[in-house]
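Thanks for making the time this morning; I would like to walk you through one model, and I will try to keep to what the coordinates themselves can tell us. Please have the sequence and the structure open while I talk.

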Amino acid sequence: MSSYRPLHDGWTLSSRDLDGVPATVPGCVHTDLLAAGVIPDPYLDGNEHLLAWIGREEWTYRTTFTWSPDGHERTDLVCEGLDTVAELTLNGVSLGSTANQHRSYRFPVRHLLREGVNELVVHFGSAYAYAEERRAALGERPGAYDEPYQFIRKTACNFGWDWGPNVVTAGIWRPIGLESWSRARLAEVRPLARADGTVEVHVRVERTTEEPLTLTAEVAGTRAEHRLDGRSAALTLRVPEPELWWPRGYGAQPLYDLAVRLGAQEWTGRIGFRDVELEPEAFRLAVNGVPVFVRGVNWIPDDCFPARVTRDRLAARLGQAVDAGVNLVRVWGGGTYESDDFYDLADELGLLVWQDFPFACAAYPEEEPFRSEVEAEAREHVARLARHPSLALWCGNNENLEGHADWGWQERLEHRSWGAGFYHDLLPSVVAELDPSRPYWPGSPYSGAPGLPPNDPARGTIHIWDVWNREDYTRYAAYRPRFVAEFGFQGPPAYATLRRASSDEPLTPDSSHQKAIDGQDKLLRGLGEHLPRPETFDDWHYLTQLNQARAVAFGVEWFRSLMPSCMGTIVWQLNDCWPVTSWSAVDGDGRRKPLWYALRRAYADRLLTVRDGQVSLVNDSAEPWTGELALVRHGLTGEPLAKEVVSVHVAPRAVTRVALPRAVAAPGDPAGELLVARLGETRVVACYAEDPAVAFPPAAWEASAERVDGGYRVTVTAVTVLRELTLFPDRLDPDAEVDDQLVTLLPGESAVFHVTTARDLDPAALTAFPVLRCVNEGAPVSGGSGSGGARG
Ligand code: BMA
């Protein structure tokens, strides 16, 4: 028997200068101070810089609650997450102190509880003070940022990153409550399920009685029972012919309810039957024996203040990944272990999860207290996440092996520890012991053995950052990687997001937060020969967003065309934690950037890409892709100049290359022609020259916006060719969304966009600059109402 009671009410927050600020638990100092009107919103304008003092301050959370004896032998205070350096006191008596945001804690408190009013106090020391003290004691360690994040077990990016603000916070960030129990309680349930239908259910109990206990486990009508004399047991269940769990695109996601009972206490959790393997050299993931080409995205914490990340928000964000064709999410090591909701949703959606242990971009000390803390957190989360079929891989860290090998850390370390013992010894032992059903990889990038250069395209995973930092994005095509776990290109957030986050009047490119070194210059330099130079804010916004979309799509398409030698791409990055110009496809307010729409095309099951006189046909579906590949060379006014048809058969999960026939391979005039390739539903329009070198006519279109249920139907018919036609309805209503972007039309062709909005919008505004845009707009065109292309 047990009972649980949350302690989420009546909290206040105080510090040296503040007293009795109402506090939300779970939550954190920043959100409490914001709600109380003590600080401005850290995400707006330059407010981040006004708030640096918060991370240096000490903070006290305090509440009272009434209690009366509930007949149980034991009552524990259960803290699911404390951020980070905490001392807990109940009725004036110390319960202990903690210093690891990534762990949960349990304190027996029965002897301290009083009938009537009780007072619980959680005092947080400064994360900076703690980290700086450890640094002084253990010696400096190099890292990518000048912040002491490797000296404290706390979400690294809370100290700022090249897309995130420095908002070092503190607080009770996950639920807290009292759990009462008698005789025994289920302390841990760790089910390991396999595709052959076996489930090993590992159970740990805490007990006060020495009498034997009965433990049962049940799934899909199969049951096992165990007489428990000790404190742990493993029960094995065999489900005959289970339905297998598959990543999306490979099959269904059947989930089974597993129930584990200890007396009247019950633990339930959903499991799935599947095997996952990693072939190390090729870095090829296989589920149930079937190799999976990973169409991935990197995941960062969705908010700097994680208590705000609700299940609904996770569902929306992961839904956006799914809708873009993604089949794997990599939880990046500068964040944390995500909530149960995250992995539950991934199980349901068929999204594989690659989980980094939380270490990123720094040399980490292995001395105490860190060794014990790391072991404790790893044990907790490897056990907690074991039941999730979506979890496919544990990875030791982000870029620390590369940093040590290639970024000059060794000289600076002077033989001090840097984390190797974690990644090559401690963490793999924990995974092997607690969850041998899953592969472990020491870090990313990594080539499979400690002596090899970590970022070698020929082995394991690589991260490609010379593009963005230095090179034109076409350089992606110089790589023949086995697996790209990070590559990306920046673009600004949606207009409405920028408008909300900045009070600048008018907006300029510098109105957007930008954390990357030389980020603004790199954005412009990255336009290269691909797009015209922007002269206004509106052009800057559209063209840099478009360039981001094209750059990442270029990489994805190239890497997918290398299948099966390359078996995965993980785009940096799906999401943002605040409004910022970054590598994300979805911005900090959850709005999709043009990159998202480009990604949906580049990650479709079936992809056509034209490059270097070749069409690559990528068929990452279970059915063959057959038909007539039509290749038509058009003049810019739309007239066909040459046409070739090639019969193609692309086997399931395969790539076929077709050399462009001579008549369409070379244009008569690269500045005046386009190539359209079409197979079935899939169509791509390619230019023979970079856009600025093509003699596009000034855009002209006929457009109408019709009120329909839930929004507007916008129909655009091209009078001239329209290059990368894009609708930005958020400029009229911040909540409005459009179902497609970046559509190239030939004269006479039409596109229909569905805009969802609750508001009445001006149809004329919906079909004119700067809401409706394309690359070749510019010179005014004549025409009556409802035609456009002219800039206002
Ligand atoms: C990689 C990531 C992040 C970073 C990104 C963009 O290094 O692991 O650290 O945000 O590149 O620079």
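**Domains, ligand and sheets**

What you see is a predicted model, and the protein in it is divided into five stretches, namely domain 1 (2-179), domain 2 (183-271), domain 3 (286-598), domain 4 (608-693) and domain 5 (700-789). To give you a sense of scale, the C-alpha centres of domain 1 and domain 4 lie 58 Å apart.

Let me turn to the ligand, and begin with where its surroundings come from. Domain 1 (2-179) and domain 3 (286-598) each contribute at least three residues to the shell around the ligand. The residues in question are Trp161, Asp162, Trp163, Trp332, Cys361, Asn398, Glu399, Trp465, Glu486, Trp572 and Trp583, and by class the shell divides into 7 nonpolar, 1 polar and 3 charged residues.

Which side chains place a polar atom close to a ligand oxygen, and at what distance? For glutamate 399, a polar side-chain atom is found 2.6 Å from an oxygen atom of the ligand, while for tryptophan 161 the corresponding distance to a ligand oxygen is 2.8 Å, and for tryptophan 332 it is 3.1 Å. As for cover, the ligand taken alone exposes 300 Å², and the protein buries 92% of that.

Next, a sheet that begins at the start of the numbering. Here 4 strands form an open, antiparallel sheet in the order β1-β12-β5-β9. Because β1 (2-6) and β9 (105-108) stand at the edges with a single partner strand each, one side of each is left without a neighbour in the sheet. On average, and with direction ignored, neighbouring strands of this sheet are turned by 25° against each other. Within the sheet, β5 (residues 74-79) pairs with β12 (residues 176-181) in the antiparallel sense over 6 bridges, and arginine 74 stands opposite tryptophan 181 in β12.

Finally, I would like to look at the strands further along the chain. Strand β38 (residues 701-708) runs antiparallel to strand β39 (residues 711-718), and 8 bridges join the two. They form a hairpin with 2 residues between them, and in the turn glycine 710 has a positive phi of about 80°. Strand β39 also pairs with strand β43 (residues 750-756), again in the antiparallel sense, over 7 bridges. Valine 714 is a convenient residue to follow here, since in β39 it is the bridge partner of alanine 705, and in β43 its own bridge partner is phenylalanine 753.

Definitions and conventions. Residues numbered from 1 in each chain as written. Predicted model: local features only at pLDDT ≥ 70, side-chain atom pairs only at ≥ 80, totals over all residues. Heavy atoms only, no water. Pairing = 2+ DSSP bridges. Near = heavy atom within 4 Å. Polar contact = N/O pair within 3.5 Å; in protein donor to acceptor, adjacent residues only side chain to side chain. Areas by Shrake-Rupley, 256 points an atom, 1.4 Å probe, with all protein chains shown as cover. Nonpolar A, V, L, I, M, F, W, Y, C, P; charged D, E, K, R; others polar. Domains from an automatic or database assignment. Axes fitted to C-alpha atoms, helices over the stretch in contact; angles between N-to-C directions.
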